[in-house]
Amino acid sequence: MALLCWPFGPSLAFLLGFNMLCVLLTIILCGSITRRCCPGHGLAAPLCGMCVLAANCYFMVTGTIFIKDALVQLIFACITNLLYRMRHNSQPERLPAIGCLGALLMIALVRHQLIPLMVPGFIILLSGKRRLWPVLIMLCAFSAIIYTAVMMLPTHEQYDTVFSVLNGPRATHPDRVTTFIVDNSRTELIYSITGNLDEQMPWMRLLWLPVTMLCQFLIPFPWNFTRDMIYGPSQLYAHISFPGYLAGIILGYYILFQAKKGPAPVNRLLAWGVLLYAAVAFNWSGSVSRYCLMFIPLAAPAISFCILTAWRRRSLYIWTSVCAIILAVGLLICYRLSN
């Protein structure tokens, strides 16, 4: 906030305008990513990709409040677009590589926990091209250096090392638990089924991963409006989750029935997105779904490809109908449990 207000002075309108700009640019970059992954569909592919992202209400509401997720989403989309630009060009370009380095520095400033998760993306998107090996090694080395430097800062919060995967249960230091778990109410429902995952070993959290990933997909629940009233009417829009549910159902159809013969660029992005989605569910027990909003551009090409190629298939409509019924029943059960 201080850096953004430094040139013009403190201004809430400028900060909110900056966030909305980040959201709009992310939508445009999502269209660019989809166009590169689905080149045979003309303008329909990027238009569909942009609609998939913009239809997610939880994503759009990040542009109406000052929250750093809007900037993180833009940075993530920029890196993904730059990586595919380097992969599809005949010669590696210096400018996209420099852009990736600058984006990594920005991630270190706003959410450094994402830096290790970028390395699998570098490997998935740049491997297989011998000419890109120097760029791949440079990006991985730079990521390791930046992350190590951030972790060694004296102002760095201690929970990143205390609550690591290797240290086992994350609640072994009661005096520091409050720095990690801010709101226990959001995990109360899932913990009533799984037990307190913060006090369990990593392999137990791994066994519960399918459940936490499903919980991460379902929240925010469509009926949970009152907890965000203090933030204004725009937060109510974040809980209209039905477009996101529909996108997830279509994505499931692609994974089960189309991924095997799907385009390689689409599958590469989707593999990275699934890995990151699982990592967030593992670390936060499926309770913070907004951390996955930046991964929608990784799934948008798969959803767009499915819509553009399978919209006439009867199986898609049967799949969507069955999943919608199961989802409705599941939401009713969750509503009953939460009340």
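These exercises, with worked solutions, explore a predicted model of one protein chain.

**Exercise 1. The overall make-up**

Find how many helices and strands the protein chain has, and what share of its residues is buried.

Solution.
- Start with the elements. The protein chain has 18 helices and zero strands.
- Next, turn to burial. The chain holds 339 residues, and 46% of them count as buried.
- Finish with the contacts. Take those between residues at least 6 apart in sequence: 73% join residues at least 24 apart.

**Exercise 2. Helix 5 and the core**

Check the span of helix 5 against its number of residues, then find what helix 5 gives to the largest nonpolar core.

Solution.
- Helix 5 has 20 residues, so at 1.5 Å a residue it should span 28 Å. The expected span uses one less than the number of residues.
- The end C-alpha atoms of helix 5 are 29 Å apart, which agrees.
- Now look at burial. In helix 5, 17 of the 20 residues are buried, so the helix is mostly covered.
- The largest nonpolar core has 73 residues. Helix 5 (residues 69–88) supplies the largest share of this core, 12 residues.
- Ile 79 and Leu 83 have the most contacts inside the core.
- Leave out residues up to four places away in sequence. Leu 83 then touches Cys 100, Gly 121, Phe 122, Leu 125, Leu 126 and Leu 139.
- Another core, of 11 residues, lies apart from the largest one; Cys 215, Leu 218, Phe 221 and Cys 334 are among its members.

**Exercise 3. Two helices that meet**

Decide how helix 13 and helix 16 are oriented to each other, parallel or perpendicular, and list the residues that meet.

Solution.
- Read the geometry. Helix 13 (residues 209–218) and helix 16 (residues 264–284) pack at about 100 degrees, and their axes are 9 Å apart.
- Apply the cut-off. Angles of 65 to 115 degrees count as roughly perpendicular. Helix 13 and helix 16 are therefore roughly perpendicular to each other.
- List the contact. Helix 13 brings Leu 209, Thr 212, Met 213, Gln 216 and Phe 217. Helix 16 brings Tyr 277, Ala 278, Val 280, Ala 281 and Phe 282.
- Sort by class. This contact of helix 13 with helix 16 has eight nonpolar, two polar and no charged residues.

**Exercise 4. Helix 15 and its neighbours**

Name the buried residues of helix 15 and the helices they pack against.

Solution.
- Helix 15 (residues 242–258) has 17 residues. Its first and last C-alpha atoms are 23 Å apart, close to the 24 Å expected.
- The buried residues are Tyr 245, Ala 247, Ile 249, Ile 250, Leu 251, Gly 252, Tyr 253, Tyr 254 and Gln 258.
- These buried residues pack against helix 13, helix 16, helix 17 (296–310) and helix 18 (314–338).

**Exercise 5. Residues in loops**

Classify Pro 233 and Ser 285 as buried or exposed, and describe the backbone at Ser 285 and Pro 220.

Solution.
- Pro 233 sits in the loop between helix 13 and helix 14 (234–238). Its relative accessibility is 70%, so Pro 233 counts as exposed. The cut-off for exposed is over 50%.
- Ser 285 is in the loop between helix 16 and helix 17. Ser 285 has a relative accessible area of 1%, so it is buried. Buried means under 20%.
- Recall the usual pattern. Most residues other than glycine have a negative phi, and most peptide bonds are trans.
- Phi of Ser 285 is near 55 degrees, a positive value.
- Pro 220 lies in the loop between helix 13 and helix 14. A cis peptide bond joins Ile 219 to Pro 220, with omega about 0 degrees.

Technical notes:
Residues are numbered from 1 along each chain as its sequence is written. This is a predicted model: local features need pLDDT of at least 70, side-chain atom pairs count only at pLDDT 80 or more; totals for chains, interfaces and linings use all residues. Side-chain values use heavy atoms; hydrogens and water are left out. Axes are lines fitted to C-alpha atoms, for helices over the stretch in contact, and angles run from 0 to 180 degrees between N-to-C directions. Helices (H or I, at least four residues) and strands (E, at least two) are DSSP runs, numbered from the N terminus. Angles under 35 degrees count as roughly parallel, over 145 as roughly antiparallel, 65 to 115 as roughly perpendicular and the rest as oblique. Contact means heavy atoms within 4.5 Å. Ala, Val, Leu, Ile, Met, Phe, Trp, Tyr, Cys and Pro count as nonpolar, Asp, Glu, Lys and Arg as charged, and the others, Gly among them, as polar. A nonpolar core is a set of buried Ala, Val, Leu, Ile, Met, Phe, Trp, Tyr and Cys residues joined through side-chain atoms within 4.5 Å. Buried means under 20% relative accessible area, exposed over 50%, partly exposed in between (1.4 Å probe, protein chains only).
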